[in-house]
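Please take me through this model in a viewer, one selection at a time. Tell me what to pick at each stop and what is found there.

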Amino acid sequence: MKRIIFIVSMILPVIVSAQQSTVAKTSRRQIAAEMKKSVTTELLDKWYPQCVDSLYGGFISTYTYDFKPTGPQDKFVVTQARHTWTTAKAAGIYPGKKYFLKASENGFHFLRDVMWDKQYGGFYNLVTREGKDKSNPLAPKEAYGNAFAIYALSAYYKVSHDTGALSLAKQTFMWLEKNSHDPVYKGYYQHLKRDGSIVIRDASFPSTSDIGYKDQNSSIHLLEAFTELYSVWPEPLVKERLQEMLLLIRDKLITSKGYLNMFFTADWTPLSFRDSSKAVILQHKYLDHVSFGHDVETAYLMLEASHALGWKNDTVTLIAGKRMVDHSLRNGWDKAIGGFYDEGYYFKNSDTLSIIFDSKNWWAQAEGLNTLLLMADHFPGDAMQYELKFKQLWNYVQTYMIDHVNGDWYEEGLDKEPQRKTALKGHIWKGTYHNFRALNNCIQRLQAVKKQE
């Protein structure tokens, strides 16, 4: 047995090296063609128009591994908004498929007629399939969910020119401005009561609960939403808030090492359990860890916002984004077969990051594709070899993440979690937004470079 293990340990690096050499030779033209086919036949065509809920409006979100609808089908504002956004973008890219625009219109109507609170304003966080509110009574509304509604409504307006959608996007922005925006410390409070008042954290909340904290995740998606909104409503206040969020994230939320803190008190003091025991740290890891997926995603979102603001030669944001990507590659990248791990942590008295969850979730790999290619084009000769990493990641996604039989992506890479092969293919936290956006952005970038060659 020892002899077999020794032989395998000698041969495996040679096999991996040969595979990497083959991957490195794959042309951009070939990758663009592979992605183009995958985004249509293995993603969009599997979801749409199947997931449009013709009975109650909005979208059905929960599917088995082989795309059969399952469960009670509760409707989460984030999922509904993301499907609305995806179908709006798809309608612009594939105008011959008329059902994309109809699906996005259906999503807009569900957001407007069912999820919008007609008494107090703002979007409910969660409703039943039929539309009855079942949000957490402690915090039934969130900046995060309302941000995605703005994102979706803006995209739908851009393709449909339906002024009702733009009006609702404006209304949502102003509702957040009135209730969620912090004029003192800047940024936005995440958790809100039904009337829009801020949820104040007190001793009654469990130490593991995030309710009452500010956070990086809602912040980066508010940045994303305002970028989309500003493209259709160049209102000075939207520009001011977009710039405010970019500077807050870039200059305050990113650590000197190049990763985002997760949660914060009202004055943006990071929440940290580093001085606690390892058991306590792991108990609270949801609130305090390094999320490589969020870091590579944020690098892209910051550059997208900078571009929308018209900041020419913005090297400060570019270098901040590069630092985040480099930190993720150095600390959270699987050097054997590629892919970003889920979570890491800097334990007390150590400058070395430990991987505390080595699974590879689908959305982090999608965001990784997008951002690595972006970095490759900004820094073509860099020692981090972004283009090679991009190609390795695409090979990893095709091998361990995309279900070439049933369609869509597994929630986690099968190299680490083979049991995910028969897990839910869709649920309220997993739809088409991350992988569609990433693949579409990559296709556009690869084709743009191809035209220049």
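Start by selecting Arg28, Asp377, Glu387, Lys391 and Arg445: salt bridges link these residues in a network. The model is a predicted one, and 35 salt bridges are found in it.

**More salt bridges**

Next, select Lys75 and Asp53. Their side chains form a salt bridge, with N and O 2.7 Å apart. Lys75 belongs to strand β1 (residues 75–76), while Asp53 sits in the loop between α2 (28–47) and β1; the two are 22 residues apart and the pair links distant parts of the chain. Lys75 and Asp53 are both buried.

Then go to Arg241 and Glu244, another salt bridge, where the closest N and O atoms are 3.0 Å apart. Both residues are in helix α8 (residues 236–253), at a spacing of three residues, or about one turn of the helix. An α-helix has 3.6 residues a turn, so residues three or four places apart point the same way. Arg241 and Glu244 are both buried.

The next pair to select is Glu367 and Arg437. In this salt bridge the closest N and O atoms lie 2.7 Å apart. Glu367 is part of helix α12 (residues 362–378) and Arg437 is part of helix α14 (residues 433–452), so the salt bridge ties together parts 70 residues apart in sequence. Glu367 and Arg437 are buried.

Stay on helix α14 and pick Asn440, which lies in it. Is Asn440 buried or exposed? Its relative accessibility is 12%, so Asn440 counts as buried. Now add Val39: the C-alpha atoms of Asn440 and Val39 are 7.7 Å apart in space, although 401 residues separate them in sequence.

**Aromatic rings**

Show the side chains of Phe76, Trp85, Tyr144, Phe148, Tyr151, Trp429, Tyr433 and Phe436, which make up one aromatic cluster. The count of aromatic pairs in the model is 27.

One pair to view apart from that cluster selection is Tyr63 with Phe67. The ring centres are 5.6 Å apart and the planes stand at 45°, so this pair is tilted. Tyr63 is buried at a relative accessible area of 1%, and Phe67 is buried at 8%.

Return to two members of the cluster, Trp85 and Tyr151. These rings are stacked, at 4.9 Å centre to centre and with 10° between the planes. Trp85 is in helix α3 (residues 77–93) and Tyr151 in helix α5 (residues 143–160), so the pair ties together parts that are 66 residues apart in sequence. Trp85 has 4% relative accessibility and counts as buried; Tyr151 is buried too, with a relative accessible area of 3%.

Two charged residues over rings come next. Select Arg112 and Phe108: Arg112 lies over the face of Phe108, 5.1 Å from the ring centre. Then select Lys257 and Tyr346, where Lys257 lies over the face of Tyr346 at 4.9 Å from the ring centre.

**A buried loop residue**

Move to Asn261, in the loop between α8 and β6 (263–264). Asn261 is buried, with a relative accessible area of 15%. Which residues is Asn261 in contact with, leaving aside its neighbours within four places in sequence? They are Gln216, Leu253, Thr255 and Pro270.

**A three-stranded sheet**

Switch to a cartoon view and find β7, β8 and β9. These three strands make an open sheet in the order β7-β8-β9, with antiparallel pairing. At the edges are β7 (290–291) and β9 (354–357), each paired on one side only. Two bridges join β7 to β8 (residues 343–345) in the antiparallel sense; select Val290 to see a residue whose bridge partner in β8 is Gly344.

**Helices α10 and α11**

Select helix α10 (residues 292–309). Its 18 residues should span 26 Å at 1.5 Å a residue, and the end C-alpha atoms are 26 Å apart, which agrees. Of the 18 residues in α10, 15 are buried, so to speak of the helix as mostly covered is fair. Just after α10 comes Gly310, with a positive phi of about 80°.

The last stop is helix α11 (residues 315–332). Its end C-alpha atoms are 25 Å apart against an expected 26 Å for 18 residues, which agrees. Buried residues of α11 include Thr317, Leu318, Lys322, Asp326 and His327. Among the elements covering the buried residues of α11 are α8, β7, α10 and α12.

Terms used
Residues are numbered from 1 along each chain as its sequence is written. Side-chain values use heavy atoms; hydrogens and water are left out. Two strands pair if DSSP finds at least two bridges between them. Helices (H or I, at least four residues) and strands (E, at least two) are DSSP runs, numbered from the N terminus. A salt bridge is a side-chain nitrogen of Lys or Arg within 4 Å of a carboxyl oxygen of Asp or Glu. Buried means under 20% relative accessible area, exposed over 50%, partly exposed in between (1.4 Å probe, protein chains only). The expected span of a helix is 1.5 Å times one less than its number of residues. Contact means heavy atoms within 4.5 Å. Rings of Phe, Tyr and Trp (its six-membered ring) pair if their centres lie within 6.5 Å; planes under 30 degrees apart count as stacked, over 60 as edge-to-face and the rest as tilted. A charge sits over a ring if NZ of Lys or CZ of Arg is within 6 Å of the ring centre and within 35 degrees of the ring normal.
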